[in-house]
Amino acid sequence: MTRSRPAAGGGRQLRVPAERLGRWLDGVAARHGTFGTTVDDDGTVHVSCADGTAVTLRAPFAWTPGAAPLTGLTTAVRQPHRAAVLLVRRGRWAVGVFDGPDLVASKVDSRQVQGRTAAGGWSQRRFARRRGHQTDAVVAAAAETAARVLLPHAAGLAAVFTGGDRGLVDEVLADRRLAPLAELRREPALEVGEPTKAVLLTTADQFRAVLVRIREPGPGA
């Protein structure tokens, strides 16, 4: 479970692992009272507690709500899904295909991009052009890697999760070959550092978790 942090628009946000969701909801009921639930068309579940606390739960993958939404949600999020991950930062990228929590195909690579310089004038402009060309090369190389590793699995993917530098990720997914992947992109972005193999392996804990927002009654809620 991730540490809760402030959520846009108020309240706090955290990720709850799929396998712990049932126990976590039991704890919410014990602290805040009985539930009332509503479900949006996209499967987002809204929980109203007896003490006025509001909880919103968003599943990482599409699911079909039934008569008992919370029971259905806790069952649905434990089901294995095939998902792709694309991580891009300046100079490094990683892609992977997961079956449930297991990484079954991946590639991590890097390309040099010069750091910033304090020089000014003509030297600064020349440096900026060179750095821009290097960044373009990173985007092109990352798109090539994604096409080679991810596209063969596109038909079986439930979602594509991204992380790193959002602008660079957007540029990679703008490659026309990757349109089938861009259509499956899910928000919010994964919270990651440098795209290494070790970091790629940890992303399953994030993208398989349920995104939860909690708003408690009182000042500032």
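This short presentation describes the sheets, helices, aromatic pairs and nonpolar cores of one predicted structure.

Before I begin, the conventions. This is a predicted model, in which local features need pLDDT of at least 70 and side-chain atom pairs count only at pLDDT 80 or more, while totals for chains, interfaces and linings use all residues. Residues are numbered from 1 along each chain as its sequence is written, and side-chain values use heavy atoms, with hydrogens and water left out.

Let me start with the sheets. Helices (H or I, at least four residues) and strands (E, at least two) are DSSP runs, numbered from the N terminus. Two strands are said to pair if DSSP finds at least two bridges between them.

One open sheet has six strands in the order 1-2-11-5-4-3, with antiparallel pairing. Its edge strands, each pairing on one side only, are strand 1 (5-6) and strand 3 (35-39). Strand 1 and strand 2 run antiparallel and are joined by two bridges; Pro 6 stands opposite Arg 12 in strand 2.

Two helices pack on this sheet. Contact here means heavy atoms within 4.5 Å; axes are lines fitted to C-alpha atoms, for helices over the stretch in contact, and angles run from 0 to 180 degrees between N-to-C directions. Helix 1 touches strand 2, strand 3, strand 4 (45-49), strand 5 (54-58) and strand 11 (210-215), and its direction makes about 170 degrees with that of strand 5. Helix 2 touches strand 3, strand 4 and strand 5, and its direction makes about 70 degrees with that of strand 3.

The two helices also meet each other. The axes of helix 1 (residues 21-32) and helix 2 (residues 69-76) come within 9 Å and cross at roughly 145 degrees. On the helix 1 side are Leu 21, Gly 22 and Leu 25, which meet Leu 70, Leu 73 and Thr 74 of helix 2. By class, that contact has four nonpolar, two polar and no charged residues. For this count, Ala, Val, Leu, Ile, Met, Phe, Trp, Tyr, Cys and Pro are nonpolar, Asp, Glu, Lys and Arg are charged, and the others, Gly among them, are polar.

I turn to the other sheet. This open sheet of five strands has the order 8-7-6-9-10 and mixed pairing. Strand 8 and strand 10 are its edges, each pairing on one side only. On average, its neighbouring strands are turned by 15 degrees against each other, direction ignored.

Strand 6 and strand 9 run parallel, joined by six bridges. Ala 83 stands opposite Ala 159 in strand 9, and Leu 87 has Gly 163 as its bridge partner there. Strand 9 also pairs with strand 10 in the parallel sense, over three bridges; Gly 163 has Leu 190 as its partner in strand 10.

Why is strand 9 described as largely enclosed by the rest of the structure? Five of its six residues are buried, where buried means under 20% relative accessible area, exposed over 50% and partly exposed in between (1.4 Å probe, protein chains only).

Helix 4 lies across strand 6, strand 9 and strand 10, at about 120 degrees to strand 6. Helix 6 lies across strand 6, strand 7, strand 8, strand 9 and strand 10, at about 45 degrees to strand 7. The buried residues of helix 6 are Val 199, Leu 200, Thr 203, Ala 204, Gln 206 and Phe 207.

That last residue leads to the aromatic pairs. Rings of Phe, Tyr and Trp (its six-membered ring) pair if their centres lie within 6.5 Å; planes under 30 degrees apart count as stacked, over 60 as edge-to-face and the rest as tilted. The structure holds three such pairs. Phe 98 and Phe 207 have ring centres 5.2 Å apart and planes at 75 degrees, so this pair is edge-to-face. Because Phe 98 lies in strand 7 (residues 92-99) and Phe 207 in helix 6 (residues 197-207), the pair ties together parts 109 residues apart in sequence. Phe 98 is buried at 0% relative accessibility, and Phe 207 is buried at 1%. Phe 161 and Phe 207 are stacked, at 4.9 Å centre to centre and 15 degrees between the planes. Phe 61, Phe 98, Phe 161 and Phe 207 form one aromatic cluster.

Finally, the cores. A nonpolar core is a set of buried Ala, Val, Leu, Ile, Met, Phe, Trp, Tyr and Cys residues joined through side-chain atoms within 4.5 Å. The largest has 25 residues, of which Leu 86, Val 88, Leu 150, Val 172, Leu 178 and Leu 181 touch the most other members. Helix 3 gives the most to this core, with eight residues.
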